[in-house]
Amino acid sequence: MSLLYKNVSLKIRKSLGRYLSLLIIIMVGVGFFAGVNATSPDVVNVADTYYKNYELMDFKIISTMGLTDADVAILQQLYNVQLVVPSYSLDVQSRGNAIRIHSIENNVNIVKLTSGLMPESDKECLADSRTYMIGDKIEITDNMDDKLINTEFTVVGLIDSVLYINNDYGSTSIGNGKLASFIFINKNNFILEAYTEIYIIAQTDNADAYSNQYNSIVAMLNEKIVEIKSDRENARYDEIYFEAMTKINDSEVELKNEQTKAEKEFSDAKKTLDDSALKLYQGKNELAENEATLEGIVNTKNAEFDLAKQLIADGWQKIDDGLSEAGITKESIDFHIDELTLAITYLQLQLENYPTDSPEYVDIYATLMEYFGKLNSLEQLKTSINVLNAQELELNNGINLFNAEIDKARNEILNAKNEIITNEKKLRDGYTEYNKNLAEFKTEIADATKKINDAKQELFDLDYPKWYIYDRDTVIGYTELDNVIKIINAIAAVLPFFFILISMLMTSNSMARMITEERNEIGTLTSLGYKDSDIILTYLFYVLSATGIGAIVGFFIGCRIIPPLIYSNFIYILPPLVLEYNLRTLIIAIAITFVLMISVTTVVCNKELKQKPAYLMRPLPPARGQRIFLEKIGLIWKRMSFTWKVTMRNMFRYKKRALMTVIGVAGCAALLVTAFGIHDGMTGVAEKQYGGILRYDEMIILKDEVSTIDGGLKELLDKEAIINPLLLKQNAYSCEQAGRSLDFYMIVPQNNELFNEYFNLESTLDKQHISLDDDSIIITQRIAKVYNLKNGDILTIKDLDNNNYNLTVTDIAENYVSNYIYMNTSTYSEVFDETATFNVIVANSATDETMLAEQLINNELVVNVVFTGDALNTVFDSTQRLSGVIALVIIIASLLTIVVLYNLTSINISERTREIATLKVLGFRDGETNSYIYREALILTVISMGVGVVAGIALHHYLIDVIENGALSLFKNIKLFSYVAACILTLVFSVFMQIVTYFKLKKIDMIESLKSVE
Amino acid sequence: MTLIVFDDVKKEYTVGAIKISAVEHCSFSIDKGELAVILGPSGAGKTTILNLLGGMDSPSSGHICVDGNSIHNYNKKQLVEYRRNDIGFIFQFYNLIGNLTALENVELACQICPNSFNPKTILNQVGLSDRLSSFPAQLSGGEQQRVAIARAIAKNPKLLLCDEPTGALDSDTGQRIIALLQKTCKEMDMTTVLITHNTIIADIADKVIKVKNGTVKSVTINENPKRADEIMW
């Protein structure tokens, strides 16, 4: 027994080539099988772990009018909702680039800090690690005063965000329409009155992203959200409406109050003014009266004074008369008095000297008496003068006093007059100001009233808010990754199976060959008395050790190399791949290998062991030659040269070998055709869609729905030199039938003729141009394919609010990106019972795209501009991504082709050594000997190529169908070049192997080969 | 007329570091039209001599002349042409191409020789005119060897070399094959060299070359060769 195994190990050492070829074939087969099978779980795992670790949201809800805490509360109550996080984001301009500002959340869409620190202040931010450096200053150039506290941030940490897993960040409605980067800032930096978005994390029971379980949980929740959507929209509407209404009412009341108050103030002011005017008037009258009275007094007094003066003057006259009578003057009166007094005194003295009766006396006396009389009258005059003098003085004093008083009074009156003039001026000014203020007030009131009315009108025109519910598809790259994974899965489902099948065929074939070759030894062993089972076991040991080692090594190499290789072709921003070795795959691979190997070995061994040892020890009798079918067709057979006949005969005689070659090489050729075909299917799809089918330069998304191009919109389009604008209604719908869900756009053009110009639709049936007419409902090919629709069939579609509509399909159009349904306005009215309004313009333009984009987006009528050229590039990029996978398939298919051909050639040569040696002995030249083998190989290769092409077409057809699961359709046609390339590659390998064969043939030793069998 | 001259021929094989000489000091000559038998026990070097003679191998030293040509100097290419035009080989195990009919096996040889005979005639000559389209597997051992003989002589070679042609046949059949060879040799004047360990067969030879331990022990000319049907073993 142990000697048997020693024999086996010796055999392995001796025929190391065969052992290794067994090992390598299984290794490549299992390696590819395991590697490709491991790829999508590995990638899904990496993506899923990333999503889970960083709590990627399951839903994002945005509303045209913001979201509130009430929304959050309601959403929180939905079944299967784990977490609802209200949040903010804003698209802003910074240094000419559009960037998105998110608020930092710690339980949803958590950022992955790659370097630096979390922000400590509100002036710091985290920024996209691909765009910014730590320490960069990011300045927001838009006016965001009412939305953000700070508008300048310092980058303190660099991050990756689970919201951005593609290196393209998608579009925005500002700037040139392309989102260039993103930053995250503290939440309290936002001063918006409502949340801009709500993130929802669903209770997904840890389901893997992209899995059916996840998708169905999310789909269920989506329905629940859709159910509450309109309620919440209405609630928000009511909230905004009532808030605005209250504000308007308050304003109105306030205005009224203000108005009343102001009006009172104005009337008070008026009254004061009027009072002043009256007072002034009265004052003026009084003054005039006073003046008149004064003048009256002056006149009276003056008359009195004149009279008094007259009296005095009369007095003086009398005095003067008396004086002149006396012959004296007023001035000499005192002298005269004194003289008379003196004379009297003198006379009196003389009288005394004279008796009383004396004449002298009498004379003297008489004189004395005269003198007395004279004195008396003089004295009387003097008194009168004095009195008159006093009187005159008094009068003059009186006049002076009076005049002074009058002057004073007159002055007073003058002052009063001046005062009145001043007051009159003041009053006039007061009136002017009053009138001015009144006018102003009236304007103000009118303005305020207008404002209120405007506000009322605005409120009246208030749109209902609209919720947009996004699932993870809104994460740029999420769906694309899914598509890529699906494609890899499709490949994993078919190609490695193919590979493993081929390697199994090859190994079992060489095993069978080996046992046949060693029949002699088997005979010897049997004759020595070894049990059949022991002998079989030795072969099993040989084959199972080779294939077992091959399978295990292949498994680990495949799992180690292939997933990272495919992953390196991804341009997603995901963490590095974590390799996983799914032992189930290994067990499956080993189980398949072992079952096959054990059965082949056992069957072949048993066949030999059934024979008598003596028979086994004799050389194998030549296999029965037989006539082939071709010989019956004398016409052909007779014309064939002898060597051709031999070749044909050989091919048909060694049917098994020929079949093996055909299966092996055809399989590889089929893989090549498929790989090249898928590559064909992808290249040009973008160009065909954007340029071939959609022929407009840009799509302008309008802010509001319009029914025609007029007013500002027309001006804008004219100004920007937009050529032939066509209005479209473009709305998203979905369809769920037969368990398959599909999203698509419905497009309703305003103008059929322009539509037919911009949308070059071709029927999938006859490649004829389809024009849009009344009653036509054109669906694109993917919809037709998924729901198996033909012209005349009915498609039920669903709008975002879950309303159903039935459409009768009239045409099916070629289309490669997204899905569309086209109908014209009249059909639309019939189906939806409403007149179509339009939200999109497609057009051509002659100007620079970036400039145009900025101009248009900056206009308030336009939300966004999508350039066909950009769309083309996006699709182009995503198809390019698969090229790596395709290249891998091509390389491995080539590798396998080489191994298969080598194996087959080796078997071929080993089986035919004796025959070839015979030919050599007969004197066949090397070339002739080779051509004897080559012709056969060449014919088999050609046949294989034919079979391979046919099988490749079938395989390609299947794979394309699987790949097309997403929104992307591929060309079904394989280009001639691909057939040629696949055939040439196969041929090249074949020729290469023939060169190897040539040297092997040359080495065949006639003598050794023809030696009698020992 | 001497057709073949072997002059002090030596053939060594190198196995690892050791040189084993299969034959040495080997000299003999064979005349044209002669039926020569190389006789010797197993391992004596008979087959090596035949291989050297048939251009399947070159000697380490010595001269081999066939029809005046020094074939010991021939390179590989010349050897191919030599085998092609001058040699007909018959093996113990026939070495027919199993996938070709009797006729086709003969045609296979004929098509590469310019002076070949008509394959049908030759097959007729070896008594297989009714088995032309049979495949080897459908023929008995004797019949297969006849086809092999036909294939060899159809090339119209200068030399017919037979390596134990009866080794795998029963005695009756073997005898008939020997008879056929003798007949062919004589009737077609075709020089024939036959290897055997069977001394009885040596009786039919014109010349018997005895080989032992890699060297020629004796060369005996048989004045009265027996007819094949006269011998018994």
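**Figure 1. Contacts of Ile344(A) beyond its sequence neighbours.** When residues within four places in sequence are set aside, Ile344(A) is in contact with Leu368(A), Tyr371(A), Phe372(A) and Leu375(A). The model shown here and in the views that follow is predicted. Ile344(A) belongs to helix H5 of chain A, which covers residues 333–353. Ile344(A) has 18 other C-beta atoms within 10 Å and is therefore classed as partly exposed, since the buried class requires 20 or more and the exposed class 12 or fewer. Between Ile344(A) and Tyr365(A), which are 21 residues apart along the chain, the C-alpha separation is 10.0 Å.

**Figure 2. Surroundings of Asn650(A) in helix H14 of chain A.** Helix H14 runs over residues 642–653 and contains Asn650(A). Because 24 C-beta neighbours lie inside 10 Å, Asn650(A) counts as buried; the threshold for that class is 20 or more. Apart from residues up to four places away in sequence, Asn650(A) touches Glu936(A) and Asn99(B). Asn99(B), one of these two partners, is a residue of chain B. The C-alpha atoms of Asn650(A) and Tyr932(A) are 9.8 Å apart, although 282 residues separate the pair in sequence.

**Figure 3. The side of chain B that touches chain A.** Contacts between the two chains involve 23 residues of chain B and 25 residues of chain A. On the chain B side, helix H2 (76–86) and helix H3 (102–110) each contribute at least two residues. The most is given by H2(B), with 3 residues. Sorted by class, this side of chain B comprises 12 nonpolar, 7 polar and 4 charged residues.

**Figure 4. Chain A as the setting for the views of Ile344(A) and Asn650(A).** Chain A contains 26 helices and 21 strands. Of its 1014 residues, 35% are buried, and Asn650(A) is one that counts as buried. Among the contacts in chain A with a separation of 6 or more, 84% come from residues 24 or more positions apart.

**Figure 5. Chain B, the partner of chain A in the contacts of Figure 3.** The secondary structure of chain B consists of 7 helices and 10 strands, including the helices H2 and H3 that supply residues to the side touching chain A. Chain B has 233 residues, of which 52% are buried. For contacts in chain B with a separation of 6 or more, residues 24 or more positions apart account for 69%.

How values were computed:
Residues numbered from 1 in each chain as written. Chains lettered and ligands numbered in written order. Predicted model: local features only at pLDDT ≥ 70, side-chain atom pairs only at ≥ 80, totals over all residues. Helix = DSSP H or I, 4+ residues; strand = E, 2+ residues; numbered from the N terminus. Contact = placed C-beta atoms within 7 Å. Nonpolar A, V, L, I, M, F, W, Y, C, P; charged D, E, K, R; others polar.
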